[in-house]
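I opened this notebook to keep track of what I looked up, one topic per entry. The entries follow the order in which I went through the model.

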Amino acid sequence: MKPGKKYKLETLAVHAGHGVDAGTGAVTEAIHLSTTFERDADGGYSRGFLYSRNHNPNRNALEAALAALEGGAGGAAFGSGLAAVTAIFQGLAPGDHVVAPADIYHGTANVLKHLFAKWGVTASFIDMKNLDTVRAAMTPQTRIVWIETPSNPLLQCVDIAAIAEMAHAMGARAIADNTFASPVLQQPLALGCDMVMHATTKYLGGRSDVLGGAVVTRLDDEHFAQLRTAQLFGGAVPSPFDCWLVMRSLPTLPYRMQAHCANAQKVAEFLAQHDKVSVTHYPGLPGNPFHALAARQMSGFGGMLSFEVKGGKDAAMALAAHVEIFTRATSLGGVESLIEHRASIEGPQSKTPQGLLRVSVGLEHADDLIDDLAQALTCA
Ligand SMILES: *Cc1c(COP(=O)(O)O)cnc(C)c1O
């Protein structure tokens, strides 16, 4: 790619962070397992690498690629999505306050409640669909407003641009967990967010075979420098192989997301008209309360949906016990379709309805997925 030239997302997905190896001409990058790198005769590191916790060629490549896809000034990769979340909050000080959605990913809530609360960082978990509630929750100590849209598992959407503007008016930063949408469907930095966070474990990895996280920043500012410090000093970095695996998946991301969206739309439409299903949560359905907002700030409605089975937990468990193509498992974003009884993984405090099943719609043929759900619904 020519430096400085603007390219479309599909082109960036194939080329950003990739390059022919100058030494060998290899078109596909090597995996640099070396933890340490040779010094110059004068003691310097003119090739830019010293020790793999600080920098590694595979990690640099992944960070550059993700920054390009999200349209940011820089990226930092981590060993898991929650390691990325933790590094963000490590930039806060005792007394700082976070505003977060009540239906935030439960692992992110755990980080705030169980790791940072005892260091004096406070958090308010609120209904962010209502902008007045967001405004009322903000205090002079609020440093971060956390955005997650569409949310898990009810696929609720919030207005990214409006919340980012509100955060900035109060001197706070807006940070979005963009895991469910991916940079293909939603670009939070362009909508005004300061940082975007990903569990690369999900759509970016795309194969359910690598755990990882990343943060992309809009500006190369002191907050990003602080995040780098948390990454380098804290050391929660991904392995070179893990970075390579995510890089390997990025070129197909735009096409995978198109197919995930198309399949999810068909599955949602099937479920929405089924008489054993009381409600289907998918922003692509015209009757969904978040349809207009999602259509405005997303370029597709995503591959995640959930639905509630009439008959509560027993009916939901019976359905999940009878699927033949879907796999009963947590996580999302892989090529294979997954189905999950969400309340049981979230634990006893979960507010998720007991009859709810969450689906990560994969890349099988939509007709086969619908047939599978149809036969399993007869057992519900
Ligand atoms: C999975 C997930 C995370 C956490 O990522 P891990 O890699 O499991 O640590 C954070 N946010 C969302 C929305 C997720 O789905």
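These entries cover two sheets, the helices that lie across them, two helix pairs and one aromatic pair.

**Entry 1, the status of the model.** I note before anything else that this is a predicted model.

**Entry 2, the seven-stranded sheet.** I looked up the strand order and found an open sheet of seven strands that reads β1-β7-β6-β5-β4-β2-β3, with mixed pairing. At its edges I have β1 (74–78) and β3 (122–126), each of which pairs on one side only. Ignoring direction, I get an average turn of 20° between neighbouring strands of this sheet. I then followed one edge inwards: β3 runs parallel to strand β2 (residues 97–101), and five bridges join the two. For Pro101 I recorded Ile126 as the bridge partner in β3.

**Entry 3, helices across that sheet.** Which strands does helix α2 lie across? I found that α2 (residues 57–70) lies across β1, β6 (195–199) and β7 (213–217), and that its direction makes an angle of about 125° with β1. Helix α8 (residues 222–234) lies across β1, β5 (173–177), β6 and β7, and I noted about 25° for its angle to β1.

**Entry 4, the five-stranded sheet.** I found another open sheet, of five strands, in the order β8-β9-β12-β11-β10 and again with mixed pairing. Because β8 (277–281) and β10 (327–328) stand at the edges with a single partner strand each, one side of each is left without a neighbour in the sheet. The pairing of β10 with strand β11 (residues 338–341) is parallel and rests on two bridges; here I wrote down Ile339 of β11 as the bridge partner of Arg328. Across this sheet I checked α10, which lies over β8 and β9 (304–309) at about 15° to β9, and helix α12 (residues 312–321), which lies across β9, β10, β11 and β12 (356–360) at about 125° to β9.

**Entry 5, α10 against α14.** I next asked at what angle helix α10 packs with helix α14. For α10 (residues 253–272) and α14 (residues 366–377) I have about 30°, with the axes 9 Å apart. Angles under 35 degrees count as roughly parallel, and α10 and α14 are therefore roughly parallel to each other. Their crossing is right-handed. On the α10 side the contact is made by Asn263, Lys266, Val267, Phe270 and Leu271, and on the α14 side by Ala366, Leu369, Ile370, Leu373, Ala374 and Leu377. I sorted the residues of this contact into nine nonpolar, one polar and one charged.

**Entry 6, α3 against α4.** The axes of helix α3 (residues 81–89) and helix α4 (residues 106–116) come within 10 Å and cross at roughly 45°, which makes α3 oblique to α4. I recorded this crossing, too, as right-handed. Leu82, Val85, Thr86 and Phe89 of α3 meet Gly107, Thr108, Val111, Leu112, Leu115 and Phe116 of α4. By class, I have seven nonpolar, three polar and no charged residues in the contact of α3 with α4.

**Entry 7, aromatic rings.** How many aromatic pairs are there? I count four aromatic pairs. One of them is Phe37 with Phe49, a tilted pair at 5.4 Å centre to centre with 35° between the planes. Phe37 and Phe49 both lie in the loop between α1 (9–15) and α2, so the pair ties together parts that are twelve residues apart in sequence.

Terms used
Residues numbered from 1 in each chain as written. Predicted model: local features only at pLDDT ≥ 70, side-chain atom pairs only at ≥ 80, totals over all residues. Heavy atoms only, no water. Axes fitted to C-alpha atoms, helices over the stretch in contact; angles between N-to-C directions. Parallel < 35°, antiparallel > 145°, perpendicular 65-115°, else oblique. Left-handed = near helix turned anticlockwise from the far one by under 90°. Contact = heavy atoms within 4.5 Å. Nonpolar A, V, L, I, M, F, W, Y, C, P; charged D, E, K, R; others polar. Pairing = 2+ DSSP bridges. Phe/Tyr/Trp six-rings, centres within 6.5 Å; stacked < 30°, edge-to-face > 60°.
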